[in-house]
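Q: I would like a close look at one part of this model, followed by an account of what lies around it and elsewhere in the chain.

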Amino acid sequence: MDRRAQALEIARELGFDLAGVAPLEPPPDAERFRAWLAAGHGEGMPWLTDQADRIADPRRVVPEGRSVLVVGAGHSRAAVELAGGGRIARYAAGRDYHNWMSKRLRKLARRLDQAGFAGPWRAIADAGPLLERSHAARAGLGFASKAANLLHPRFGPWFFLGELILGEELEPTEEPPPGSCGTCTACLDVCPTDAIRAPGVVHAPDCISYLTIEHRGAIPHELRERMGEWAFGCDLCSEVCPWGDKAPDLAARFGTHERVAEGDLVSWLAPDLDVPGAFNGSPLQRPKREGLARNAAIVLGNRPSDAGRVALLRVLRDDPSPVVREAAAWGLERGHREDAGVPAALDAARRRGDATPRSDS
Ligand code: B12
Ligand code: SF4
Ligand code: SF4
């Protein structure tokens with residue numbers, strides 16, 4: 001067996017569904033990435049701009065590196081809805097894939113080391129300075145799509161990526177699996193915020209995934225109704241993609257976190273919600289308490305209920321965060337304008353200055 005086949009076999013033994021090799025050199029889409037940043041599509045994520053040179057040329061990250069072993073792990077499962085309403089992205093329903101991926105990449109490095117492959121062993125899973133989809137396409141894990149997601153004939157868009165940088169020059173994998181979007185435009189048509197500006201080009205500041213996970217402070221008013229039921233992430237452009245129709249059910253792989261299985265959006269509004277404790281091991285920790293409560297207030301406005309109204313009124317009066325109080329005012333205005341007690345509470349909030357957008361906390 002040649003060296004590349006041996007390395008890929010070890011990756012599959014460790015439970016990765018997909019594996020391939022790309023050379024450690026500027027990824028095919030490096031210039032596209034720079035143009036994307038220059039056009040403001042990455043606004044709000046300074047870590048991308050700050051590391052742009054390293055991302056566009058990963059030899060700056062690991063000068064002794066020679067190859068990138070790219071792996072993929074499927075996470076397809078049925079849609080996830082919280083009790084009482086509110087949706088979260090399927091990838092976030094269970095255990096945090098970053099931990100899953102990082103642990104296995106470390107194991108992979110150990111196994112390759114034992115098998116005599118040369119380091120350095122730099123593992124990357126999402127947060128590292130690498131244009132993952134582009135290296136993954138080069139390594140044969142899938143093909144680029146109009147939604148920007150990398151698609152695979154078996155998993156559609158429903159798979160995560162991770163990488164291990166080796167010090168050994170392995171023969172790159174051949175071409176990506178065949179496939180293309182063809183004339184389909186379903187993802188462009190379904191995106192509620194028109195964030196997919198052109199095929200393959202997502203304007204992150206308008207993407208619900210960015211707004212609900214990465215964005216700090218108030219969410220722009222004009223995008224709130226369009227968030228609909230999405231309280232964390234968004235799967236719409238993946239759900240409509242015909243390439244994902246036959247993906248296997250892998251719900252058991254990452255499981256379902258108990259706060260997702262049993263909790264509801266109203267519980268996200270508790271002023272003393274201990275997010276690291278309540279969402280231990282879950283990706284839902286990322287927006288912190290303020291972000292989760294802000295998202296919940298907006299979704300409860302879009303999908304009104306009695307329990308939501310009571311919780312929003314309490315938040316408007318008492319919540320320590322001005323961002324959350326303002327989101328509660330918006331939610332009440334949108335979903336409960338005429339309901340008993342709401343106009344008076346909104347008047348009082350306006351007098352205090354709580355019903356105007358704030359991004360300062
Ligand atoms: C920043 C980021 C985001 C931002 C910006 C998204 C974006 N489209 O750039 C936000 C917060 C919005 C986001 C959202 C999501 N993300 Co994200 N994100 C990243 C991150 C950290 C960097 C991406 C980046 O550099 N973007 C810059 C652009 C230029 O690069 P790119 O989109 O990767 O480039 C490809 C396309 O643009 C395409 N392309 C460019 N031009 C053109 C033109 C044509 C004609 C075509 C066909 C294609 C094409 O080619 C490139 C290579 O494939 C990566 C991890 C990483 N380190 O790479 C994860 C990553 C891309 N995200 C991922 C996921 C799962 C998501 C969500 C599905 C999560 C969710 N359910 O809420 C959504 C999907 C939104 C979408 N349609 O892209 C996965 C994607 C897996 C896959 N199979 O593709 C990644 C790889 C994380 C991981 N390790 O698994 N994400
Ligand atoms: S994740 Fe949602 S908001 Fe973002 S591009 Fe896809 S459909 Fe649009
Ligand atoms: S929904 Fe259609 S256009 Fe969008 S990524 Fe999937 S195949 Fe391509």
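Where is P120 found?

A: In this predicted model, P120 sits in the loop that runs between α5 and β4, the latter being residues 122-124. The peptide bond that joins G119 to P120 is cis, with an omega of about 5°. Most peptide bonds are trans, and most residues other than glycine have a negative phi.

The helix before that loop, α5, covers residues 97-114, and its axis comes within 10 Å of the axis of α1, residues 3-13. The two axes cross at roughly 140°. Angles over 145 degrees would count as roughly antiparallel, so α1 is classed as oblique to α5. The crossing of α1 and α5 is right-handed.

Y97 belongs to helix α5. Y97 is buried, because it has 20 C-beta neighbours inside 10 Å, and 20 or more is the cut-off for that class. Y97 and A73 are 24 residues apart in sequence, while their C-alpha atoms are 9.2 Å apart in space.

Two residues other than glycine have backbone angles to note. A148 has a positive phi of about 80° and lies in the loop between β5 (143-144) and β6 (150-151). With 18 other C-beta atoms within 10 Å, A148 is partly exposed. K288 also has a positive phi, near 60°, but K288 is part of a helix, α14. K288 is partly exposed as well, with 13 other C-beta atoms within 10 Å.

Helix α14 spans residues 288-302, 15 residues in total. At 1.5 Å a residue its expected span is 21 Å, and the C-alpha atoms at its ends are 22 Å apart, so the two values agree. The helix is mostly covered, since 13 of the 15 residues in α14 are buried.

The ligands come next. Ligand 1 is surrounded by 40 residues, and the closest are E132, R133, G200, S209 and G233. Elements that give two or more residues to this shell are α2 (30-38), α6 (132-138), β7 (159-166), β9 (201-202), α8 and α10. The largest share comes from α6, with 4 residues. By class, the shell around ligand 1 has 25 nonpolar, 7 polar and 8 charged residues.

Around ligand 2 are C191, T193, A195, I196, V202, C207, I208, S209, C234, L236 and C237. Two elements, α8 (208-214) and α10 (236-239), give two or more residues to that shell. Its residues divide into 9 nonpolar and 2 polar, with no charged residues. S209 is listed around ligand 2 and is also among the closest residues to ligand 1.

Ligand 3 has around it S145, K146, A147, C181, C184, T185, A186, C187, V240, C241, P242 and W243. The shell around ligand 3 is made up of 9 nonpolar, 2 polar and 1 charged residue.

Terms used: Residues are numbered from 1 along each chain as its sequence is written. Chains are lettered from A and ligands numbered from 1 in the order in which they are written. This is a predicted model: local features need pLDDT of at least 70, side-chain atom pairs count only at pLDDT 80 or more; totals for chains, interfaces and linings use all residues. A residue is near a molecule or strand if its C-beta atom, placed from the backbone, lies within 6 Å of it. Ala, Val, Leu, Ile, Met, Phe, Trp, Tyr, Cys and Pro count as nonpolar, Asp, Glu, Lys and Arg as charged, and the others, Gly among them, as polar. The expected span of a helix is 1.5 Å times one less than its number of residues. A residue is buried if 20 or more other C-beta atoms lie within 10 Å of its own, exposed if 12 or fewer, and partly exposed in between; C-beta atoms are placed from the backbone. Axes are lines fitted to C-alpha atoms, for helices over the stretch in contact, and angles run from 0 to 180 degrees between N-to-C directions. Angles under 35 degrees count as roughly parallel, over 145 as roughly antiparallel, 65 to 115 as roughly perpendicular and the rest as oblique. A crossing is left-handed if the near helix is turned anticlockwise from the far one by less than a right angle, and right-handed if clockwise.
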